[in-house]
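These are my notebook entries on one protein chain, taken from a predicted model. I set down what I looked up, entry by entry.

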Amino acid sequence: MYLNSPVNQFESLSLTTEPSPEEAEIDPVEVALKSPSLQPSLSEGAIYLSPRSNSLTQQKSEELQKTLLAHRHDRQLIILQDFPDPDALSCAWAYQLIAQQYDIKSEIIYAGALSHQENIALVRLTNLPIQRWTQQTLKTKDLSCYQGFVLIDNQGTTSQLLSAVQQAGIPLVALIDHHSLQGELESEFMDVRPYVRATATIFTQYLQAGLLALDSSINQHVKCATALMHGLRSDTNRLMQAQEEDFMAAAYLSRFYDAQLLNAILQANRSKRVMDVIERSLKNRIVQNNFSIAGVGYLRYDDRDAIPQAADFLVTEENVHTAVVYGIVHDEDEELEIVIGSLRTTKLTLDPDEFIKEAFGQDSTGRFFGGGRTSAGGFEIPMGFLSGSNENSAYAKMKWEVFDAQIKQKLLRLVNPRDNPIQSE
């Protein structure tokens, strides 16, 4: 199943109005949208969508197309989680390329850091157009020039930027994610599919449906396809947890991606700091009921991605099916601290989303501190009033011990209800 080019499909829905002679004469976007290059055909070796996703993908692709047409000539922000992963990065780029056909200018932004070596390599080797906006950056930006924002591979719970954008009165135009719903958000277009292993699969289906005709002679398309393949591969554990839809998406991308470029991204070496955090997790871990739990102390903001890498390592230990690694991440620029943790599991009956939400609950506004997807999850707990003042080593040590004990208590309450890490005398 394929959509036609954006304009032709829109006309088939009988929702257009006759353009004025002036518009027909001066609108270069209309000409570009009618280009034959945007019309996939069987001769191009088309790969069809699986029956399971065919109807929904057609519906969502048409809905997204209508939304984009309604926002032609707009300027938008694509907001990613503070620490974007390959799935988020690649899908944001795909959305940007799709939106360009409608003369929508979009900027991909995040507030945290790219610290995982593969994420850094992905951005550098593909020239992926992403910008870091800190709280300080926000003070210099005129947000009134943006007509909408988009959330991709997140629902705003892991972004420092969401509140500022909402306070500026910018509406949410699109929410596209594969995580379970984290709260109530009003979005003009919404495509949330928790059963899909990667958001890259959803975006690849959009491409298959004709929202963007990939061309292997266009360097930017090849790099974006490579990024999508990396995102899909990353979120399906090297395709080992992939389902039919993910394999179909990978098959489609295989015609466009650069295998050598992807290999170069995957060959990025771990830094010494990451190795140090893995060593700390090994030293500090406790193992109960096949759960490995490790606190790694204080980390610099730029080293945050060492935490999930340590969890990836601990879950490979014999007789361990689930690993949780956490630490206090300190951002000197913004003068804030936050407890960040990652969960990895090989146990099919353990739902990371349910486990993390039950363990850590919600904040005062009703937002969960974390969540997850198949085999992986994460949580972020702001430290608020207790942030900073780490110049006093004794105080810093005491603060860590309190948070370490509290987190272990919440986790062990589920892992082993009879165990209590806080023993009263």
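**Entry 1: Glu107**

With which side chain does the side chain of Glu107 make a polar contact? I found the partner to be the side chain of Gln131, at 3.4 Å. I then looked up where Glu107 sits, and placed it in strand S2, which covers residues 105-110. With a relative accessible area of 13%, Glu107 falls under the 20% limit and therefore counts as buried. I also listed its contacts, leaving aside neighbours within four places in sequence. Glu107 touches Arg75, Gln76, Leu77, Ile78, Gln96, Gln131, Trp133 and Tyr146. Gln131 thus appears both in this list and as the polar partner.

**Entry 2: the chain as a whole**

I noted 16 helices and twelve strands in the protein chain. Of its 425 residues, 54% are buried. I next looked up the contacts with a separation of 6 or more, and found that 71% of them are between residues 24 or more positions apart.

**Entry 3: helices H13 and H14**

I turned to the packing of helix H13 (residues 272-284) with helix H14 (residues 306-314). Their axes are 9 Å apart, and the angle is about 50°. That angle lies neither under 35 degrees nor within 65 to 115, so I recorded the two helices as oblique to each other. The crossing of H13 and H14 is right-handed. On the H13 side, the contact is made by Val274, Val277, Ile278, Ser281 and Leu282. On the H14 side, Ala306, Gln309, Ala310, Phe313 and Leu314 take part. By class, I recorded eight nonpolar residues, two polar and no charged ones in this contact. For the spacing of such residues I kept one general point in mind: an α-helix has 3.6 residues a turn, so residues three or four places apart point the same way.

**Entry 4: helices H6 and H12**

Helix H6 (residues 117-126) packs with H12 at an angle of about 145°, and I noted 8 Å between the axes. H6 contributes Glu118, Ala121, Leu122, Leu125 and Thr126 to the contact. H12 contributes Leu261, Ala264, Ile265 and Leu266. I recorded seven nonpolar residues here, together with one polar and one charged.

**Entry 5: Ser271, between H12 and H13**

Ser271 lies in the loop between helix H12 (259-266) and H13. Is Ser271 buried, partly exposed or exposed? I entered Ser271 as partly exposed, because its relative accessibility is 34%. I then looked up its distance to Gln117, and found 7.5 Å from C-alpha to C-alpha across a sequence separation of 154 residues.

**Entry 6: helix H9**

How many of the ten residues of H9 are buried? I counted ten of ten in this helix (residues 199-208), which is mostly covered. Among them are Ile202, Phe203, Tyr206 and Leu207, and also Thr199, Thr201, Gln205 and Gln208. Just after H9, I noted that Gly210 takes a positive phi of about 105°.

**Entry 7: Gly169**

I found Gly169 in the loop between helix H8 (162-167) and strand S5 (172-177). Its relative accessibility is 56%, so Gly169 counts as exposed. Gly169 and Ser144 are 25 residues apart in sequence, and I recorded 8.4 Å between their C-alpha atoms.

Methods: Residues are numbered from 1 along each chain as its sequence is written. This is a predicted model: local features need pLDDT of at least 70, side-chain atom pairs count only at pLDDT 80 or more; totals for chains, interfaces and linings use all residues. Side-chain values use heavy atoms; hydrogens and water are left out. Axes are lines fitted to C-alpha atoms, for helices over the stretch in contact, and angles run from 0 to 180 degrees between N-to-C directions. Helices (H or I, at least four residues) and strands (E, at least two) are DSSP runs, numbered from the N terminus. Angles under 35 degrees count as roughly parallel, over 145 as roughly antiparallel, 65 to 115 as roughly perpendicular and the rest as oblique. A crossing is left-handed if the near helix is turned anticlockwise from the far one by less than a right angle, and right-handed if clockwise. Contact means heavy atoms within 4.5 Å. Ala, Val, Leu, Ile, Met, Phe, Trp, Tyr, Cys and Pro count as nonpolar, Asp, Glu, Lys and Arg as charged, and the others, Gly among them, as polar. Buried means under 20% relative accessible area, exposed over 50%, partly exposed in between (1.4 Å probe, protein chains only). A polar contact is a pair of N or O atoms within 3.5 Å; within protein, one must be able to donate a hydrogen and the other to accept it, and residues adjacent in sequence count only if both atoms are side-chain atoms.
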